[in-house]
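This briefing goes through a single protein model, topic by topic. Please keep the sequence and the coordinates open while reading.

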Amino acid sequence: MSIAACLLSVMFAAEPGQSDAFRITVVDAETQRGVPLVELTTTNQLSYVTDSNGIVAFNESGLMNQKVFFHVSSHGYEFPKDGFGYRGKALDVRPGGSARLEIKRLNIARRLYRVTGQGIYRDSLLTGVAAPIDKPLLNAQVFGSDSVVNAIFRGKLYWFWGDTLRPSYPLGNFHAPGATSHLPGDGGLNPAIGVNLNYFLDDEGFAKPTCRMPGDGPTWIDSLFVVRDGAKERMFAAYLKVRGTLDVYARGLAEFDEDERRFEQVLEFDASSPVFPSGHTFIHEEDGVSYVYFANPAPLLRVRADVESIRDLSRYEAYSCLVPGSRLQEDAVSSAQLDREADGTLTWSWKRDTPVVSPQAQSRLLKAGGLKPGEAAVDLVDPDSKQHAVAHRGSVYFNEFRRRWIMIATEIGGTSQLGEIWYAEADAPQGPWRYARKVLTHDRYSFYNPKQHPYFDQEGGRLIYFEGTYTNSFSGNPAQTPRYDYNQVMYQLDLADERLKLPQ
């Protein structure tokens, strides 16, 4: 089946069944695919949000068998205005009936479905429409999960998340729940349709902790990667121990035990080290040597892809513009010791015992005059509007369709504090990362820690897939979207889109 056919058939269109609910389907005007996360609001402020098929099951006592006006809104989408400027439509609501609304997509990226949480296809099932995944209502009692990391390990795709909520109590799993899924073409679903997650469960059927490391507070996994040790694959993760909200007091390395389905501590890192593994990973060979690269969001840190090296922070190399062996205070970049030649040329190179200069620090150095225009390794700018974006978190992979390295990254301090996603390209993994385009926007809502899934690429890399954490955290917005908040939402990006053509 073609990708276009999948996008249409994913709706699993069905005639209204015996349900008393009125089915409202909101579709993308371009692709005709259902759009998740569209809010429909009545004139007395009753609010409903479409499920992953783009469906709302409306069955409101006192409002059936009459015309009801629905305001229609969604992040990065737009419904046409009527004569009075209202973006919405009056529908003739009847039990068992249906209506179809088209909404214009402003985002370049296409919203596909929610990956985690409760009620992913709730409204579809209430109105007689089939769901494409095995557990469309509740999987492993997971209500919501923070940022995802994943990797292919011994033929399966392994997934791990951060803090995870459940229905039975306000506190849930704070030590990295995990799951597996089959890869597309090996029993897994087409990624345009969904992902069947098989969680590791505790005795109560809740997603169990897989990375409980020594110390108080939650354990977060920041990086996940697989290296070969002879003929054997071994999967490692960098972990963080956290106090309060964002106080990281310990970091270390853990290895996954496939039989026990949990991580075992390998070692705790020396807190005085200038570098720590952080960010989504990939393996890349340079000059005949295989390295693990850590993209945060640009891959400015690497280490040889062998077990001995990944255990030793002194062997990690930062792609840095600092004098080798110097240090950098993120809040005092003006004192940074920049590595310049006698003629003033700035030297970016791989260096040990030297910190990574993050995109945020590079931005501050540019503003302070320490870096001159064009000297930063990561300085994203839209080639048309000349708008600059400071990259926060994201991932980088080589793309066969573009024959370049591509980045999906969150902008910090954009229209929404952490809600804008940019696409960028570079000729080398370390950059320079310059020209970029915004592909996704949110209205006072966060969408952070985006993760591209290169093993989902289709049509030679023309279609790529990425997800991120949709939450009101850090956005300043007190409202939370029911069922969607603090969950992972999947998007598709067509790299043949003319808007993504960037200067070389």
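Which residue's side chain meets that of Arg393 in a salt bridge? The partner is Asp222, and the N to O distance in this salt bridge is 2.6 Å. The model is a predicted one, and the points below take up its salt bridges, its enclosed and open spaces, a surface patch and some backbone features.

**Salt bridges**

- The pair of Arg393 and Asp222 links distant parts of the chain, with Arg393 in strand S27 (residues 391-399) and Asp222 in strand S16 (residues 219-229), 171 residues apart. Both Arg393 and Asp222 are buried, which means that each has under 20% relative accessible area.
- A salt bridge is also formed between Glu375 and Arg340, whose closest N and O atoms are 2.8 Å apart. Because Glu375 lies in the loop between helix H4 (359-368) and strand S25 (378-381), while Arg340 lies in the loop between strand S23 (317-320) and strand S24 (349-352), the pair ties together parts that are 35 residues apart in sequence.
- The two partners fall into separate accessibility classes, since Glu375 counts as buried at 16% relative accessibility, whereas Arg340, with a relative accessible area of 28%, is partly exposed.
- Arg110, Glu459, Arg462 and Asp494 are joined into one network by salt bridges that share partners.
- In the salt bridge between the side chains of Glu78 and Arg87, the N to O distance is 3.6 Å. Glu78 counts as partly exposed because its relative accessibility is 32%, and Arg87 counts as partly exposed at 29%.
- By the distance rule of a side-chain nitrogen of Lys or Arg within 4 Å of a carboxyl oxygen of Asp or Glu, the count of salt bridges comes to 31.

**Cavities**

- A search of the whole structure for cavities of 30 Å³ or more finds 2 of them, and the largest cavity has a volume of about 60 Å³.
- Of the 10 residues that line the largest cavity, Asp28, Thr31, Arg33, Arg110 and Arg111 lie nearest its centre. Arg110 therefore appears both in this lining and in the salt-bridge network with Glu459, Arg462 and Asp494.
- Strand S9 (residues 110-114) gives the most to the lining of the largest cavity, contributing 3 residues.
- Sorted by class, the lining of the largest cavity holds 4 nonpolar, 2 polar and 4 charged residues.

**The second largest pocket**

- The volume of the second largest pocket is about 380 Å³. Its lining is made of 20 residues, and those closest to its centre are Glu39, Ser73, His75, Asp443 and Tyr470.
- By class, this pocket's lining consists of 7 nonpolar, 11 polar and 2 charged residues.

**A nonpolar surface patch**

- Leu125, Leu137, Leu138, Phe143 and Leu165 together make a nonpolar surface patch of about 380 Å².
- One of these residues, Leu137, is found in the loop between helix H2 (122-126) and strand S10 (144-145), and Leu137 counts as partly exposed because its relative accessibility is 41%.

**Backbone features in loops**

- Asn296 and Pro297 are joined by a cis peptide bond with an omega of about -10 degrees, and Pro297 has its place in the loop between strand S21 (289-295) and strand S22 (299-304).
- A cis peptide bond also joins Gly431 and Pro432, here with an omega of about 10 degrees, and Pro432 lies in the loop between strand S29 (420-426) and strand S30 (433-440).
- Although Lys386 is not a glycine, its phi is positive, at about 65 degrees. Lys386 lies in the loop between S25 and strand S26 (388-389), and Lys386 is exposed, with a relative accessible area of 54%.
- Arg403, likewise a residue other than glycine, has a positive phi near 55 degrees. Arg403 is placed in the loop between S27 and strand S28 (404-411), and Arg403 counts as exposed because its relative accessibility is 52%, the cut-off for that class being over 50%.

Methods. Residues are numbered from 1 along each chain as its sequence is written. This is a predicted model: local features need pLDDT of at least 70, side-chain atom pairs count only at pLDDT 80 or more; totals for chains, interfaces and linings use all residues. Side-chain values use heavy atoms; hydrogens and water are left out. On a 1 Å grid over the protein atoms alone, a cavity is a set of points where a 1.4 Å probe fits but cannot get out, and a pocket is an open set with protein on both sides within 12 Å along at least five of seven lines; lining residues have an atom within 4 Å of a point. Grid points are joined across faces, edges and corners, and a volume is the space filled by probe spheres set on the points. Ala, Val, Leu, Ile, Met, Phe, Trp, Tyr, Cys and Pro count as nonpolar, Asp, Glu, Lys and Arg as charged, and the others, Gly among them, as polar. Helices (H or I, at least four residues) and strands (E, at least two) are DSSP runs, numbered from the N terminus. Patches are made of residues with over 30% relative accessible area and no salt bridge: like charges are joined within 9 Å, nonpolar side chains (Val, Leu, Ile, Met, Phe, Trp, Tyr) within 5 Å. Accessible areas come from the Shrake-Rupley method with a 1.4 Å probe; for residues, only the protein chains shown count as cover. Buried means under 20% relative accessible area, exposed over 50%, partly exposed in between (1.4 Å probe, protein chains only).
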